[in-house]
Each structure stands twice: as C-alpha cells, then as structure tokens.
Amino acid sequence: MTSTATHPEHHRISPVFLGLLGIMAVSGWAAWAGIAGVTGVAVFFFVVSGWVVSLSLHEYAHARIALRAGDTSVGAKGYLTLNPMRYTHALLSVVLPVLFVILGGIGLPGGAVYIDRGRIPGRLRHSLISLAGPLTNAFLALVLTAPFWLKGVGDVPVAFRCALAFLALLQVTAALLNLLPVPGLDGYGVVEPWLPAGVRRQLEPFAPFGLLIVFGCLWVPEVNGVFWDGINTLLGSLGVSDLESYLGLEYFRFWQGEPDGASLLVP
C-alpha cells in the first residue's frame with residue numbers, strides 16, 4: 001500500500017507551477033529581445049511569475065524538511081506539488097505579496113504551510129524547518145545575481161539585466177525580513193523551540209501581527225533608511241548596483257513609461 005508520504009500524486013509538480021515557469025520563460029525572452037512596446041510588460045510578467053515561483057519554492061522547502069523530520073501529513077495537504085494555491089489563503093499568500101511588490105518594491109513574506117509539530121521530535125528539527133524557507137530565498141538571490149558577481153552581464157540587454165537585479169532584490173528582502181526573530185516570521189520559528197515555555201506563551205498572541213509590526217517599523221524614516229542601506233550594501237557585494245535594481249523596479253512599473261536612467265547602463 002502506498003503511504004501518505006510516498007503517494008505519487010502528492011509529489012507530482014502542479015500544472016500551475018509549470019505554467020508559471022512557462023510565463024517566466026516567455027516573458028524573460030521578450031524582455032531579453034527588447035520587443036518594441038512590450039519590454040516593460042515583459043519585465044512585469046517576468047518578475048511577478050518569478051516572484052510567485054520563489055514563494056512556492058520557499059514554502060516547498062518548509063514542507064520538504066518537515067516531511068524528512070517526520071510530518072508525513074504535508075503530502076496529503078498538497079505542499080509538495082509546488083502549487084502556490086495550496087499555501088493557505090490565495091489572497092494572503094499570493095495576491096498580497098504581489099501587491100506589495102507593485103506598490104513598494106519589497107519582497108513581502110507570503111504563504112504558509114501548516115506543519116503538524118506534534119509529529120516532529122527534537123528542537124533542532126523544528127528550527128531547521130523554519131530556516132529552510134529564508135535559506136531558499138537566499139539561494140535564489142545567489143542564483144539570480146550569478147551573472148553579476150561572475151562579471152557576465154556586459155552583453156546582457158539592459159531590461160533583462162535590471163529585471164534580474166530587481167527580482168534578486170525581492171529575494172534578499174524576503175530572506176532578511178523572514179529571518180527577523182519576530183513572532184509570526186520564520187526567524188522567530190528558528191529560535192522559538194529554544195525559548196522557555198513561559199516566554200513562548202507570552203509571545204504567542206503577537207504572531208498574527210508580527211508582519212504588521214515589522215512594516216510599521218519600516219515606516220519610520222530612520223529604520224527604513226538603515227534597512228535599504230543594508231539591502232543595497234548586500235546586493236552591491238553580489239555585484240548588483242543600486243541603479244540596476246532601481247531601474248528594474250521602473251521597468252516593472254511599465255504603466256509609468258520607460259525609465260529615464262536606462263541609457264546610463266551600457267549593455
């Protein structure tokens with residue numbers, strides 16, 4: 001008899017995810033080709049599809065580590081299919097993070113997988129499950145910036161180059177925000193198993209508001225400045241300039257017209 005953990009249907013890649021990869025490939029080609037009149041639209045679809053793909057991979061990483069740690073229920077919940085619609089509420093998990101990208105150019109941690117923690121022994125395993133998601137974003141940031149830190153972007157078309165830079169920026173912001181030890185975020189999930197039971201009980205009511213607290217802090221100009229300085233410094237260490245990530249956002253917002261500073265980057 002096939003178990004819940006090994007049932008083939010629970011591991012089959014979702015057509016939704018494959019469709020997102022297809023959109024990402026076609027829009028990436030269009031951005032590379034610089035087709036007149038649709039370059040900005042192509043960047044928009046490339047970044048949005050790429051961002052939702054990264055959300056799916058983030059949550060898949062949580063589920064995969066949870067499965068190895070002992071929670072076989074993640075398969076039946078559809079978490080191993082990479083279907084973004086399986087990761088809790090579609091509005092909160094996909095639409096809201098994409099909206100934050102459009103409005104603020106920031107990678108909002110989105111989606112969630114419900115882990116049956118009672119099936120998993122050992123505090124270290126619980127910490128690793130929480131850490132898996134942000135590490136996935138960090139790995140994706142390294143992959144997306146590889147052409148930059150390998151000095152291979154000299155002949156890459158400006159629009160595609162900036163789209164990569166902006167998508168990498170979203171991965172970096174998502175990783176760093178998720179790693180904050182704030183209730184409701186993955187960073188807190190890493191340290192929570194090691195906290196005294198009394199402390200965990202006191203912090204538990206704040207979990208639904210953790211992300212709101214973080215973004216409330218980012219509205220403070222001084223905090224916001226330190227946050228973005230850190231993001232730009234980290235991207236700079238990976239070979240991505242402030243101008244490239246900024247122009248990526250400008251291309252992404254295609255309804256505002258072509259970015260003025262694109263001519264400053266020579267392909």
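**Surface patch, nonpolar cores and salt bridges**

On the surface of this structure, Ile 65, Leu 124, Leu 128 and Trp 194 come together as a nonpolar patch, with a joint accessible area of about 370 Å². The model is a predicted one. One member of the patch, Trp 194, is placed in the loop that runs between helix 8 (186-191) and helix 9 (197-203), and this residue is partly exposed, its relative accessible area being 44%.

In the interior, the largest nonpolar core comprises 54 residues, and among these Val 47 and Phe 252 touch the most other members. Two or more residues are given to this core by each of helix 2 (15-33), helix 3 (39-69), helix 5 (90-104), helix 6 (123-149), helix 7 (158-178), helix 10 (210-218), helix 11 (221-237) and helix 12 (242-252). The greatest contribution comes from helix 7, which gives 15 residues. When residues up to four places away in sequence are not counted, Phe 252 touches Val 43, Phe 44, Val 47, Val 48, Val 101, Ile 102 and Phe 166. A second core, separate from the one just described, has 12 residues, including Ala 66, Ala 69, Leu 80 and Val 113.

Helix 7 may also be described by its dimensions and its surroundings. With 21 residues, helix 7 reaches 30 Å from its first C-alpha to its last, which is close to the 30 Å expected at 1.5 Å a residue. Because 20 of its 21 residues are buried, helix 7 is largely enclosed by the rest of the structure.

Attention now turns to charged side chains. In general, side chains of opposite charge can pair when their charged atoms come close. Three salt bridges are found when the whole structure is searched. In one of them, the side chain of Arg 119 meets that of Asp 71, at 3.7 Å from N to O. This pair links distant parts of the chain, 48 residues apart, since Arg 119 is in the loop between helix 5 and helix 6 whereas Asp 71 is in the loop between helix 3 and helix 4 (73-76). The two partners differ in their exposure: Arg 119 is partly exposed, with a relative accessible area of 40%, while Asp 71, at 0% relative accessibility, counts as buried. Arg 119 also forms a salt bridge with Asp 116, in which the closest N and O atoms are 2.8 Å apart, and Asp 116 is itself partly exposed, with a relative accessible area of 30%.

Another salt bridge is formed where the side chains of Glu 244 and Arg 161 meet, at 2.6 Å from N to O. Here too distant parts of the chain are linked, with Glu 244 in helix 12 and Arg 161 in helix 7, 83 residues apart. Both of these residues, Glu 244 and Arg 161, are buried. Through salt bridges that share partners, Asp 71, Asp 116 and Arg 119 are joined into one network.

Two loop residues have backbone angles that may be noted. Leu 82, although a residue other than glycine, has a positive phi, near 65°; Leu 82 is found in the loop between helix 4 and helix 5, where it is buried, with a relative accessible area of 8%. Lys 151 likewise is not a glycine and has a positive phi, of about 60°. The loop between helix 6 and helix 7 holds Lys 151, and this residue is exposed, its relative accessible area being 71%.

Terms used: Residues numbered from 1 in each chain as written. Predicted model: local features only at pLDDT ≥ 70, side-chain atom pairs only at ≥ 80, totals over all residues. Heavy atoms only, no water. Patch = residues over 30% accessible without salt bridge, like charges linked within 9 Å, V, L, I, M, F, W, Y side chains within 5 Å. Areas by Shrake-Rupley, 256 points an atom, 1.4 Å probe, with all protein chains shown as cover. Salt bridge = Lys/Arg side-chain N within 4 Å of Asp/Glu carboxyl O. Helix = DSSP H or I, 4+ residues; strand = E, 2+ residues; numbered from the N terminus. Buried < 20%, exposed > 50% of the residue type's maximum accessible area, 1.4 Å probe, protein only. Core = buried A, V, L, I, M, F, W, Y, C linked by side-chain atoms within 4.5 Å. Contact = heavy atoms within 4.5 Å. Expected span 1.5 Å × (residues − 1).
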